[in-house]
Amino acid sequence: MPTQSFLELSDVPEPMFQRLLERSLWHRHNRTYLQTARDRTLGMLFFNPSLRTRTSMELAAQQLGALSTTIIPGQGTWGFAWEEGVPMLGEASEHIKEAVGVLSRYVDAIGVRAFATRVDYEADRSDRALKTIAQFSRVPVINLESAFYHPCQGLADASVMMDHFKGDVSRKKFVLAWCYHPRPLPMAVPHSALLTAARLGMDVTVAAPAGFALDEQVMARAAGMASQHGGSLSETTDMDEAMEGAHVVYAKAWAGRAAYTNADEEAALRHSHEAWRVTENRMRRTDRGVFMHCLPVRRNVVVDDAVLDGNQALHLDQAAYRLHAAKATLEYVWDVLPTST
Ligand code: CP
């Protein structure tokens, strides 16, 4: 696996994390078109849909002087086979080993979006698709949202919060609030948001109904990071209580861990918590807290119109910072991050 891959933000050592954050904020405040990545090409494989990640990465590459190409596997490409050592007699015409081997001879970094399959928890926890691609790639791989992590979102979230709170986020109360959603969504964004807030030394509360706990290994890691950086981590099953005094309400839906691979059971569990929604009344409990969401968001299901259209909403700025964070990420994987900004 190439050393300068960007698979998960919490794996990036602290000094580099700080540099990435600093550089992302520099891009925010210096909206210039640069040539730091001239003569490079980014190739992206989107196994799942995207608006923000795809657009921000494509534009980031262009605004750094690089090229980009986006591939939707199976739509205009051959379908890929993943299993090793078996005859390829099914629909898939090309093995991922050749596909990545070829792409990594054309481009200088490969971005990958590959969501959880929700068939096998351990496979999802190990980010099998992303890691397989990284194994076969000769160039750095960027995680554009895997089964378990979304580091590009994490870096943008860290950047927007640092700017909003003028660099002083430590001990701010960050509530990661589970919300109802009609579909079983992945845990990648909440995992990365949790780890990022903990690393920034915030007082993190995860509010979710019973059966919707996040991964225990990620939680343990977040607890360690929070304590290392002067913050804290707690959990509650009471959304109203969690909102009290919050500075950030980060809303997100995710699938019920208690029935992860059983679609009917999971759906029944999830549907029993339709009242878990961010409302104006709930936001009134906060300490003039901001509302964050990675988007896309379902209005009046996850969060009410009044919150999204109100003056506490930060979600559009949050999306805007994806571009700045994407530029810093590309400079990182291509080893062209300036030593000082
Ligand atoms: N937040 C996010 O990753 O958005 P997209 O799914 O549109 O890329």
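Visitor: Is Cys179 buried or exposed?
Guide: Happy to start there, with a note that this is a predicted model, where local features need pLDDT of at least 70, side-chain atom pairs count only at pLDDT 80 or more, and totals for chains, interfaces and linings use all residues. Residues are numbered from 1 along each chain as its sequence is written, and side-chain values use heavy atoms, leaving out hydrogens and water. Buried means under 20% relative accessible area, exposed over 50%, and partly exposed in between (1.4 Å probe, protein chains only). With a relative accessible area of 0%, Cys179 is buried.

Visitor: Why is Cys152 not bonded to the closest cysteine sulfur, and how far away is that sulfur?
Guide: A disulfide is a pair of cysteine sulfur atoms within 2.5 Å, and the structure holds 0 of them. The closest cysteine sulfur to that of Cys152 belongs to Cys294, and it is too far for a bond, at 13 Å.

Visitor: Which residue has a polar side-chain atom 3.2 Å from an oxygen atom of the ligand?
Guide: Polar contacts here are pairs of N or O atoms within 3.5 Å. Leu51 uses a polar backbone atom, 2.7 Å from a ligand oxygen, and a backbone N or O atom of Leu295 lies 2.9 Å from a ligand nitrogen. The side-chain partner at 3.2 Å from a ligand oxygen is Arg322.

Visitor: What share of the ligand's exposed area does the protein bury?
Guide: Accessible areas come from the Shrake-Rupley method with a 1.4 Å probe. Taken alone, the ligand exposes 260 Å², and the part of that buried by the protein is 94%.

Note on methods
A polar contact is a pair of N or O atoms within 3.5 Å; within protein, one must be able to donate a hydrogen and the other to accept it, and residues adjacent in sequence count only if both atoms are side-chain atoms.
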